[in-house]
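Reader: I'm new to this one, so please take me in for a close look at a single part, the salt bridges and their surroundings. Start wherever you like on the way in.

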Amino acid sequence: MRTPLMSPIRRVRPASVRPEPLQPGDNLRGAGLMTLSMMGFTCNDTIIKFVTEDMPLYQAMTMRGLCVMLFLLIVTRAQGGLQLRLPRDARWPMVLRLIGEIGSTMLFLNALTRMAIADLTAVMQSLPLVVMLGAALFFNETLGWRRLSAVGVGLLGVLIILRPGSGTFGVWALVALGAMLLVALRDLSTRRFARGIASGTIAFYAALSVTITGFLLSMGQGWVMPQLWQVALILVGAGFLTIGYMCGVGAMRVGEIAAVTPFRYTSLLMAIVLGLAIFGDWPDLWTWVGSALVVGAGIYTIWREAKLGRRR
């Protein structure tokens, strides 16, 4: 039977992806959620990088995961309770999403402990193009040449930051690229969930799977007695990660991927600021030039989407 994905004529978004038409303001809401998500994830990454200087990585990941699940239970309780039962058509997307979630977390955190946070975040900035191309291939979302050009400018900025051949592209940069591809799988899988499935449910399954994986891996790495300040920081990091989870899932389910995804670029600016403030990693001139291109591309995308919205 021919499906919307296979049809050579009609460009239709699958019903399981968006059962309702795009509503006014959806793209703006999605962009805001993505920005909040990037803030949460970047702040959490900074805390984990700092804490794991004195604590085994997988122990910190397990402790953080337990806190995140507790926070999610509190948030979802206020929203009517956590619903863990999934419809049959949501189970396969959930499997794919958890593969992307677990794999990307493992690779990203290992790279995080060995790279400057701004460099790692810069490597991850190739994600929007991958997600957009995936949306065009699998969800038949139409991409205008102006938005694609803006993404291209942003990726050029990333290349300027990394300067291939300068030594930045080492083994751990390749690990980061692997994490980026798995994040793309995670985000594209999220689009397969119907809107009736709560974002808190999706986020809780993600936190649970990562926590279990971290605990199993920690058995081989060992645990240490955490200090009070480490526990406090992990609690704060878990709070930021909860924000990242909830807003990230919501962002990928509101608005068009092509309009929402470029706002991932905001994490690069956040990472530069936090890397300087916490670890003393002062970006060089080329990093600032590349970052200006990335942020400029994002600002142009906002302007372009607002212009298209007025025409609609």
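Author: Let's start on the outside, with Ile-212, which sits in helix 8 (residues 199-221); helices here are DSSP runs of H or I, at least four residues, and strands are runs of E, at least two, numbered from the N terminus. Keep in mind that this is a predicted model, where local features need pLDDT of at least 70 and side-chain atom pairs pLDDT 80 or more, while totals for chains, interfaces and linings use all residues. Residues count from 1 along each chain as its sequence is written, and side-chain values use heavy atoms, without hydrogens or water.

Ile-212 is partly exposed at 46% relative accessible area (buried is under 20%, exposed over 50%, partly exposed in between, with a 1.4 Å probe and protein chains only). Together with Phe-215, Leu-216, Met-219 and Trp-223, Ile-212 makes up a nonpolar surface patch, with about 530 Å² of accessible area between them.

Now for the salt bridges, of which the structure holds five (a side-chain nitrogen of Lys or Arg within 4 Å of a carboxyl oxygen of Asp or Glu). One of them joins the side chains of Arg-29 and Asp-26, at 2.5 Å from N to O. Both partners belong to helix 1 (residues 26-51), and they are three residues apart, about one turn of the helix. The two ends don't get the same cover: Arg-29 is partly exposed, at 46%, whereas Asp-26 is buried, at 4%.

Over in helix 3 (residues 88-112), Arg-97 and Glu-101 are four residues apart, again about one turn of the helix. Their side chains meet in a salt bridge too, with 3.0 Å from N to O. Here Arg-97 is buried, with a relative accessible area of 3%, and Glu-101 is buried as well, also at 3%.

Glu-101 has another partner: Arg-186 forms a salt bridge with it, the closest N and O atoms being 3.7 Å apart. That pair links distant parts of the chain, since Arg-186 is in helix 7 (residues 171-190) and Glu-101 in helix 3, 85 residues apart. Arg-186 counts as buried, at 10% relative accessibility. Follow the shared partners and you get one network of salt bridges that takes in Arg-97, Glu-101, Arg-186, Asp-187 and Arg-264.

Key. Patches are made of residues with over 30% relative accessible area and no salt bridge: like charges are joined within 9 Å, nonpolar side chains (Val, Leu, Ile, Met, Phe, Trp, Tyr) within 5 Å. Accessible areas come from the Shrake-Rupley method with a 1.4 Å probe; for residues, only the protein chains shown count as cover.
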